[in-house]
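This report looks at how strands, charged side chains and aromatic rings are arranged in one protein chain. Please keep the structure in view while reading.

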Amino acid sequence: QAAHRGVHDKPHDGHALVLTSGWDTSHDEWGQRIHWGVSLAPHGTPGADVPPTGMVYAFWANTAFTEPERDDPLVSAPEVDAEADTLPNLLEYALGTGPKTLSTSQLPVVTQVSMEGQPFLTLAYRRQKNCLDLDYVPEACNDPADGWTPLTAAPVSVTDNGDGTENVTVVDAPPAPTGRGLVRLRVVLRP
């Protein structure tokens, strides 16, 4: 009998599709992708009127592009820079910006601050809140040829922007003059 067990016999621990536009949405519109999202909680939130949703690239693309644009990989693929502002769609998604408008004002910012009389480099960036398929990896180095090291310190501030994004600031651990001189944000799209 065990030989006949299928994938549906295994415990389910994934996220569910949820209706994001509310139960008052016309049944005729339920077939449109724009009305669906990924549950923030595994198994979904049965009975919630408009449940909290997690963000994934496909959901973002449903709202960021028209249907013909979304279905065209030359426009909506993660590596494409739709409006030629040097930010590919993956970074537009990660930083919570629009793929059809110039977005360079939302780029991560590196500054030097003084803490307890010591200079430190900080990296401030905007990110998708409740993102289920991205890793944000702040990194630092003295010379890129020597490789980048992830910053392991917890963010010093996280501020909710109220629009599905949040601003994050991280600090490089060693003081700037004796520590690393370059800081960057690496974004990884998980499968």
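A residue is called buried when its relative accessible area is under 20%, exposed when it is over 50%, and partly exposed in between. Arg126 has a relative accessible area of 15%, so it is buried. The model is a predicted one.

**The sheet**

Four strands form an open sheet in the order S4-S5-S9-S8, and their pairing is antiparallel. Strand S4 (109–115) and strand S8 (157–160) are at the edges with a single partner strand each, so one side of each has no neighbour in the sheet. From one strand to the next, the twist averages 25°.

Strand S5 can be followed through both of its pairings. S4 and S5 run antiparallel and are joined by seven bridges. Met115 has Gln118 in S5 as its bridge partner. The hairpin of S4 and S5 has two residues between the strands, and in this hairpin Glu116 takes a positive phi near 55°.

Strand S5 (residues 118–128) is also joined to strand S9 (residues 165–171) by seven bridges, and these two strands run antiparallel. Two of the bridge partners in S9 can be named here: Val170 is the partner of Leu123, and Asn167 is the partner of Arg126. Nine of the eleven residues of S5 are buried, so the strand is largely enclosed by the rest of the structure.

**Charged side chains**

Side chains of opposite charge can pair when their charged atoms come close. In this model the count of salt bridges is eight. The table gives three of them.

| Salt bridge | Closest N and O atoms |
|---|---|
| Lys100 and Glu69 | 2.8 Å |
| Arg126 and Asp163 | 3.3 Å |
| Glu139 and Arg184 | 2.7 Å |

Lys100 forms its salt bridge with Glu69. This pair links distant parts of the chain, since Lys100 is in the loop between H4 and S4 while Glu69 is in helix H2 (residues 67–70), 31 residues apart. Lys100 has a relative accessible area of 44% and is partly exposed. Glu69 is also partly exposed, at 22% relative accessibility.

Arg126, the buried residue named at the start, forms a salt bridge with Asp163. Arg126 lies in strand S5 and Asp163 in the loop between S8 and S9, so the pair ties together parts that are 37 residues apart in sequence. Asp163 has a relative accessible area of 46%, which makes it partly exposed.

Glu139 forms a salt bridge with Arg184. Glu139 belongs to strand S6 (residues 134–141) and Arg184 to strand S10 (residues 182–189), so this pair ties together parts that are 45 residues apart in sequence. Glu139 is buried, with a relative accessible area of 4%, whereas Arg184 is partly exposed at 31%. Glu139, Arg184 and Arg186 are joined into one network by salt bridges that share partners.

Which side chain of opposite charge is nearest to Glu83, and how far away is it? It is Lys100, at 10 Å; Glu83 is buried yet has no salt bridge. A salt bridge needs a side-chain nitrogen of Lys or Arg within 4 Å of a carboxyl oxygen of Asp or Glu. Glu83 sits in the loop between helix H3 (73–76) and helix H4 (89–95). Leaving aside residues up to four places away in sequence, Glu83 touches Glu92, Gly98, Pro99, Lys100, Thr101, Leu102 and Ser103.

**Aromatic rings**

A pair of aromatic rings is described by the distance of the centres and the angle of the planes. The count of aromatic pairs is five. In one of them, the ring centres of Trp60 and Tyr93 are 5.7 Å apart and the planes are at 45°, so the pair is tilted. Trp60 is in helix H1 and Tyr93 in helix H4, 33 residues apart, and the pair links these distant parts of the chain. Both Trp60 and Tyr93 are buried.

Another pair, Tyr125 and Tyr136, is stacked, with 6.0 Å from centre to centre and 15° between the planes. Tyr125 lies in strand S5 and Tyr136 in strand S6, eleven residues apart. Tyr125 and Tyr136 are buried.

Ring pairs also link Tyr57, Trp60, Phe65 and Tyr93 into a cluster. Six of the eight residues of helix H1 (residues 57–64) are buried, so this helix is largely enclosed by the rest of the structure. The buried residues of H1 are Tyr57, Phe59, Trp60, Ala61, Asn62 and Ala64.

Definitions and conventions: Residues numbered from 1 in each chain as written. Predicted model: local features only at pLDDT ≥ 70, side-chain atom pairs only at ≥ 80, totals over all residues. Heavy atoms only, no water. Buried < 20%, exposed > 50% of the residue type's maximum accessible area, 1.4 Å probe, protein only. Lys, Arg positive; Asp, Glu negative; His and termini not counted. Contact = heavy atoms within 4.5 Å. Pairing = 2+ DSSP bridges. Axes fitted to C-alpha atoms, helices over the stretch in contact; angles between N-to-C directions. Phe/Tyr/Trp six-rings, centres within 6.5 Å; stacked < 30°, edge-to-face > 60°.
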